[in-house]
Amino acid sequence: MYGYTTHVPAPIEAYKAVHQAVLEVVAEDGGDSEGLVVHLAYATDRGFDLTEVWQSKQQFDAFNRDVFPKAMARAGVPTDGPEPELVEFDPVGVITPRAFTTDPV
């Protein structure tokens, strides 16, 4: 498994726009999010943090190559700012019994 946390110096609204665009790209293009185990985002005093766990680094890299650029363009979020801080880690154990969301149903 492969995991990371990134600290993004942007408002949570930027995350929400990109997240929605990712869902749309995956639904429309059959984009590949295969291998995603956990996706967790939350606002911080510096912007937002995003933590993900993937089955492999290769699946994460494929998503970033094939899906993420399309979603960023669709959301209209500029990519010319400072690179977010990325902290990688090796997950030891993950339990995900069901999906949770804070979005209205």
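**Notebook: strand pairing and loop residues**

I began with the pairing of strand 1 and strand 4 (residues 85-89), which run antiparallel over 5 bridges. I count two strands as paired if DSSP finds at least two bridges between them. Helices (H or I, at least four residues) and strands (E, at least two) are DSSP runs, numbered from the N terminus. Within this pairing I looked up histidine 7, and its bridge partner in strand 4 is glutamate 85.

I note that the model is predicted, that local features need pLDDT of at least 70 and side-chain atom pairs pLDDT 80 or more, and that totals for chains, interfaces and linings use all residues. Residues are numbered from 1 along each chain as its sequence is written, and side-chain values use heavy atoms, with hydrogens and water left out.

**Overall form**

I recorded 3 helices and 4 strands in the protein. Read from the N terminus, the order of the elements is β-α-β-β-α-α-β.

I then checked the radius of gyration, taken over C-alpha atoms, against the globule rule of 2.2 Å times the number of residues to the power 0.38. The protein has 14 Å, which agrees with the value near 13 Å for a compact globule of 105 residues. The C-alpha trace spans about 35 × 35 × 30 Å along its principal axes.

For contacts I used heavy atoms within 4.5 Å. Of the contacts between residues at least 6 apart in sequence, 77% join residues at least 24 apart.

I obtained an accessible surface of about 7,100 Å², with 56% of it belonging to carbon and sulfur atoms. Accessible areas come from the Shrake-Rupley method with a 1.4 Å probe, and for residues only the protein chains shown count as cover.

I class a residue as buried under 20% relative accessible area, exposed over 50%, and partly exposed in between (1.4 Å probe, protein chains only). Buried residues make up 30% of the 105 residues.

For charges, I counted Lys and Arg as positive and Asp and Glu as negative, leaving out His and the chain ends. Each charge is placed at NZ of Lys, CZ of Arg, CG of Asp or CD of Glu. The mean positions of the 7 positive and 17 negative charges are 3 Å apart.

**Strand 1**

I found that strand 1 (residues 2-8) is mostly covered, with 7 of its 7 residues buried. In a regular strand the side chains alternate between the two faces of the sheet. In strand 1, Tyr2, Tyr4, Thr6 and Val8 point one way, Gly3, Thr5 and His7 point the other way, and all are buried.

Strand 1 also pairs with strand 3, in the antiparallel sense over 7 bridges. I noted two of the partners in strand 3: tryptophan 54 for tyrosine 2, and phenylalanine 48 for valine 8.

**Strands 2 and 3**

I next followed strand 3 to strand 2. Strand 2 (residues 36-44) and strand 3 (residues 47-54) are antiparallel over 8 bridges, and a hairpin of 2 residues joins them. Leucine 40 has threonine 51 as its bridge partner in strand 3, and threonine 44 stands opposite glycine 47 in strand 3.

Strand 3 is largely enclosed by the rest of the structure, because 8 of its 8 residues are buried.

**Loop residues**

I looked up alanine 10 in the loop between strand 1 and helix 1. Alanine 10 has 21% relative accessibility, so it counts as partly exposed. Leaving aside residues up to four places away in sequence, alanine 10 touches Arg46, Gly47 and Phe48. The C-alpha atoms of alanine 10 and alanine 43 are separated by 9.4 Å, with these positions 33 residues apart along the chain.

I turned to the loop between helix 1 (12-29) and strand 2, where glycine 30 is found. Glycine 30 counts as exposed because its relative accessibility is 57%. The C-alpha atoms of glycine 30 and valine 67, 37 residues apart along the chain, are 9.4 Å from each other.

Glutamate 34 also lies in the loop between helix 1 and strand 2. Glutamate 34 is exposed at a relative accessible area of 53%, and it touches Trp54 and Gln59 when residues up to four places away in sequence are not counted. Its C-alpha atom is 12 Å from that of valine 53, 19 residues away along the chain.
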